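Visitor: I would like a close look at a single part of this protein, the nonpolar core and whatever is packed or paired around it. Please take the time to connect the pieces rather than list them.

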Amino acid sequence: MSKWIRKSILVMLVVGFGVYPITASIASAVEAVTPAAELLAGVEIRAEKHKDVCMVTNNVGLMKMIPVKVEGKTYYGCCQGCVGKLKNNRSYRYTTDPVTGREIDKAKAFIVADKAKKALYFESKETAERFFASLKQGQ
């Protein structure tokens, strides 16, 4: 295959898919080699803005998100693929609070970002505080 064709294919891949897949794979690689406790240690318990979170990939602050209205609530996705998943699949709009075990709506959740910029969803600030307090006790 000629150099020109290889360069053209690379350009089409970068233009067609954007930078996001590369960023996502870097974040995944960081998560794969970093123990969870390390990603959570010293995390500031502050609410992330919902509009800064892709509620499908759970990435925080990588790009401007696209608002998605479903049943009168607003969710956010990073791309048209995520928008479609949010519109058509309830499992992307809901998750489980790690403290209480109850199902929570991501549109109403208290969201905290870990060091890898992944969202953690809680029912409230209080359950987030309980979660991080339990991590400190476990050290």
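Guide: What follows starts with the overall layout, moves to the core, and then turns to the aromatic rings, a loop and the charged pairs. The model is predicted, and every value below is to be read with that in mind.

The protein has five helices and six strands, and from the N terminus on these elements follow one another as α-α-α-β-β-α-β-β-β-β-α. Of its 139 residues, 35% count as buried, while the area that the protein exposes comes to about 8700 Å², with 58% of it supplied by carbon and sulfur atoms. If one takes the contacts with a separation of 6 or more, 48% of them join residues that are 24 or more positions apart.

As a general background to the part you ask about, nonpolar side chains in soluble globular proteins tend to be buried together. Here the largest nonpolar core has 22 residues, and V53, M55, Y75, I111 and Y121 are those with the most contacts inside it. At least two residues of this core come from each of β1 (66–70), β2, α4, β5 (110–113) and β6 (119–122), and the largest share, three residues, is supplied by α4. V53 can serve as a point from which to look around: once its neighbours within four places in sequence are left aside, V53 is in contact with E48, N59, V60, M65, Y76, I111, A119 and Y121. Among these partners, I111 and Y121 also belong to the residues with the most contacts inside the core.

Apart from this core lies another, of six residues, which include V112, F122, A128 and F132. Two of these names, F122 and F132, return when one turns to the rings. A search of the whole structure finds three aromatic pairs. For F122 and F131 the ring centres are 5.4 Å apart and the planes stand at 55°, so this pair is classed as tilted. F122 and F131 are both buried. F122 also pairs with F132, again in a tilted arrangement, with 6.3 Å from centre to centre and 55° between the planes. This second pair links distant parts of the chain, since F122 sits in strand β6 and F132 in helix α5 (residues 125–138), 10 residues apart. F122 has a relative accessibility of 0% and therefore counts as buried, and F132, with a relative accessible area of 5%, is buried as well. Ring pairs thus join F122, F131 and F132 into a cluster.

The loop between β5 and β6 deserves a look of its own, and two of its residues can be followed here. K118 has its place in this loop, and although it is a lysine, its relative accessible area of 17% makes it buried, because the limit for that class is under 20%. A polar atom of the K118 side chain lies 2.8 Å from the backbone oxygen of T57. A116 lies in the loop between β5 and β6 too, and is buried with a relative accessible area of 16%. The C-alpha atoms of A116 and N59 are separated by 8.6 Å, although their positions lie 57 residues apart along the chain in terms of numbering. N59 is also one of the contacts of V53.

Finally, the charged pairs: the count comes to four salt bridges, and three of them can be described. The side chains of D105 and K73 meet at 2.7 Å, N to O. D105 lies in strand β4 (residues 103–105) and K73 in strand β2 (residues 73–77), so this salt bridge ties together parts that are 32 residues apart in sequence. D105 itself counts as buried, at 8% relative accessibility. R90 and E103 form another salt bridge, with 2.9 Å from N to O. Here R90 belongs to the loop between α4 (80–88) and β3 (94–96) and E103 to strand β4, so the pair ties together parts 13 residues apart in sequence. R90 counts as partly exposed, at 41% relative accessibility. In the salt bridge of D52 with K51, the closest N and O atoms are 3.6 Å apart; D52 is partly exposed at a relative accessible area of 24%, and K51 is partly exposed at 46%.

Methods:
Residues are numbered from 1 along each chain as its sequence is written. This is a predicted model: local features need pLDDT of at least 70, side-chain atom pairs count only at pLDDT 80 or more; totals for chains, interfaces and linings use all residues. Side-chain values use heavy atoms; hydrogens and water are left out. Buried means under 20% relative accessible area, exposed over 50%, partly exposed in between (1.4 Å probe, protein chains only). Helices (H or I, at least four residues) and strands (E, at least two) are DSSP runs, numbered from the N terminus. Contact means heavy atoms within 4.5 Å. Accessible areas come from the Shrake-Rupley method with a 1.4 Å probe; for residues, only the protein chains shown count as cover. A nonpolar core is a set of buried Ala, Val, Leu, Ile, Met, Phe, Trp, Tyr and Cys residues joined through side-chain atoms within 4.5 Å. A polar contact is a pair of N or O atoms within 3.5 Å; within protein, one must be able to donate a hydrogen and the other to accept it, and residues adjacent in sequence count only if both atoms are side-chain atoms. Rings of Phe, Tyr and Trp (its six-membered ring) pair if their centres lie within 6.5 Å; planes under 30 degrees apart count as stacked, over 60 as edge-to-face and the rest as tilted.
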